[in-house]
Amino acid sequence: MQHAVRRTGDVARRDRTGQGRMPGAPGRAAAGGRGAGALDNVVRPERKPRTAQGYESVIRLYLIPELGKKRLGKLAVRDVRAFINRVRAQCLCCKHGVDAARDVSRCCALKGGQCCESHPSVRMVQLIHAVLRNALESAVREEVIPRNVAKLVKVGAPKYKVNRGLTVDQARDVLKAARDERLYALYVLALCLGLRRGELLGLRWEDATLVGCRTCDGEGGEVDGAECQNCAGSGVESATLEVSRTLQRVGGALRFVRPKTDDSERSIPLPPVCITALCEHRVKQAAERADAWQDWEDNGLVFPSRRGTPMEPDNLRRSWGRVRAAASLESMRFHDMRHTCVSLLLHLGIAPNVVRDIVGHSDIEVTMTIYAHTSLDDKRAALRKLGDALG
């Protein structure tokens, strides 16, 4: 099967019974090999690099070891069901060699040892099943096999947790805690616009269109005097942000790719709080660039590293760790600020289709199903109205 994997671009040929084989691997099917072929011919040209990387991991770690010796034509529903059940029961600690690397083994690799119950998540099981299903569907389209048996095996979908966003007071605490951070403007955009982490790190200054204030001619107000009321002293009357790419780590390297979905490419008008934060950030970045001087590598990024290069996501994670600790929100994830933006906009009565366009959801069902949870205050008010009507 290793030979089959190396020749992923080849099309599985048939033997006399019409059952698929991989070239150079007589007698072996290609349930796993078919997945590898579909990876190069279907997934890589049509999907984003991060998605292709995830598919490759599933094929290498699960499909080839478990199903690589099974003929495509002989693969039955019961084989797929048994495979999925084995995946669910696997101890990831032992499968990936974590326990073997310990000085003293303590997991189910030991004779009579007790498993640490580190099993694949529901989402991981669903992904493994999806990769197999898509690979077999590719084989059906190419008339290598007559039907896709993986479609007949049902795998439960994960249940996403809701109500993970911050309250208004907590969001204010985050901004207060981030005020002295180098990336303060990033947190403002995350909370106000619901941008994803990769979208924030992929922003360029050319993506921001700033229109100078006509009232004060872009001066922001009088020198040593009152600020302009129209632009709140920023000198910018209006601004728009274009979200057109995202930063991801793929194959060990940072890469700029298109956003998650087509709807993720969007234009967002900036509220005054975001305009002010970006203007302040640009001034600070100019000083940072001057301090770095010859070491600065200008990539035109809004939120680069201290040398102007694309920022390592782990560096943002460390910054977020400091902010959430200062705001006493240790259990909150960075992505919860996106949830916060959606939830607060809906709570303020903004139309769901407008909220969807702001945050770049592909479907309004995502906006309403995952994020539009009802608060206790809303429930209390609704039941009070019902009680008043019945009383």
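Start by selecting strand 4 (residues 236-243) and strand 7, which run antiparallel and are joined by four bridges. Two strands count as paired here if DSSP finds at least two bridges between them. Helices (H or I, at least four residues) and strands (E, at least two) are DSSP runs, numbered from the N terminus. Now show T240, which stands opposite P269 in strand 7.

Before moving on, two notes on what is on your screen. This is a predicted model, in which local features need pLDDT of at least 70 and side-chain atom pairs count only at pLDDT 80 or more, while totals for chains, interfaces and linings use all residues. Residues are numbered from 1 along each chain as its sequence is written, and side-chain values use heavy atoms, with hydrogens and water left out.

**Stop 1: strand 7 and the hairpin**

Stay on strand 7 (residues 266-269) and turn on its side chains, which alternate. R266 and I268 point to one face and are buried, while S267 and P269 point to the other and are not. Buried means under 20% relative accessible area, exposed means over 50%, and partly exposed lies in between (1.4 Å probe, protein chains only).

Next, select strand 5 (residues 246-250) and strand 6 (residues 253-257), an antiparallel pair with five bridges. V250 has A253 in strand 6 as its bridge partner. Two residues sit between the strands of this hairpin, and G251 takes a positive phi near 60° there.

**Stop 2: charges around the hairpin**

Keep strand 5 visible and add E312, which forms a salt bridge with R249, the closest N and O atoms being 2.4 Å apart. E312 lies in the loop between helix 10 and helix 11 and R249 in strand 5, so this pair ties together parts that are 63 residues apart in sequence. E312 counts as partly exposed at 23% relative accessibility, and R249 is partly exposed too, with a relative accessible area of 32%. The rule for a salt bridge is a side-chain nitrogen of Lys or Arg within 4 Å of a carboxyl oxygen of Asp or Glu; by this rule the count comes to 19.

Now pick R245 and F256: R245 lies over the face of F256, at 3.7 Å from the ring centre. A charge sits over a ring if NZ of Lys or CZ of Arg is within 6 Å of the ring centre and within 35 degrees of the ring normal. For another example, select R179, which lies over the face of Y184 at 4.2 Å from the ring centre.

**Stop 3: helix 10 and the loop after it**

Select R306 and E288, a salt bridge whose closest N and O atoms are 3.5 Å apart. R306 lies in the loop between helix 10 and helix 11 and E288 in helix 10, so the pair ties together parts that are 18 residues apart in sequence. Which of the two is buried, and which is exposed? R306 is exposed, with a relative accessible area of 57%, whereas E288 is buried, at 17%. Add R182 to the selection: salt bridges that share partners join R182, E288 and R306 into one network.

In the loop between helix 10 (272-292) and helix 11 (313-326), also click on W293. Phi of W293 is near 50°, a positive value in a residue other than glycine. Most residues other than glycine have a negative phi. W293 counts as exposed, at 63% relative accessibility.

**Stop 4: helix 6 and its end**

Jump to helix 6 (residues 122-141), whose 20 residues reach 28 Å from first C-alpha to last, close to the 28 Å expected at 1.5 Å a residue. That expected span is 1.5 Å times one less than the number of residues. Colour the buried residues of this helix, including V125, I128, L132 and L136.

Just after helix 6 comes E143, with a positive phi of about 60°. E143 lies in the loop between helix 6 and helix 7 (168-178), and counts as exposed at 58% relative accessibility.

**Last stop: rings and the whole chain**

Select Y187, W320 and F334, which form one aromatic cluster. The structure holds three aromatic pairs, where rings of Phe, Tyr and Trp (its six-membered ring) pair if their centres lie within 6.5 Å.

Finally, zoom out to see the chain with its 15 helices and seven strands. Buried residues make up 40% of its 391 residues.

Note on methods. Rings of Phe, Tyr and Trp (its six-membered ring) pair if their centres lie within 6.5 Å; planes under 30 degrees apart count as stacked, over 60 as edge-to-face and the rest as tilted.
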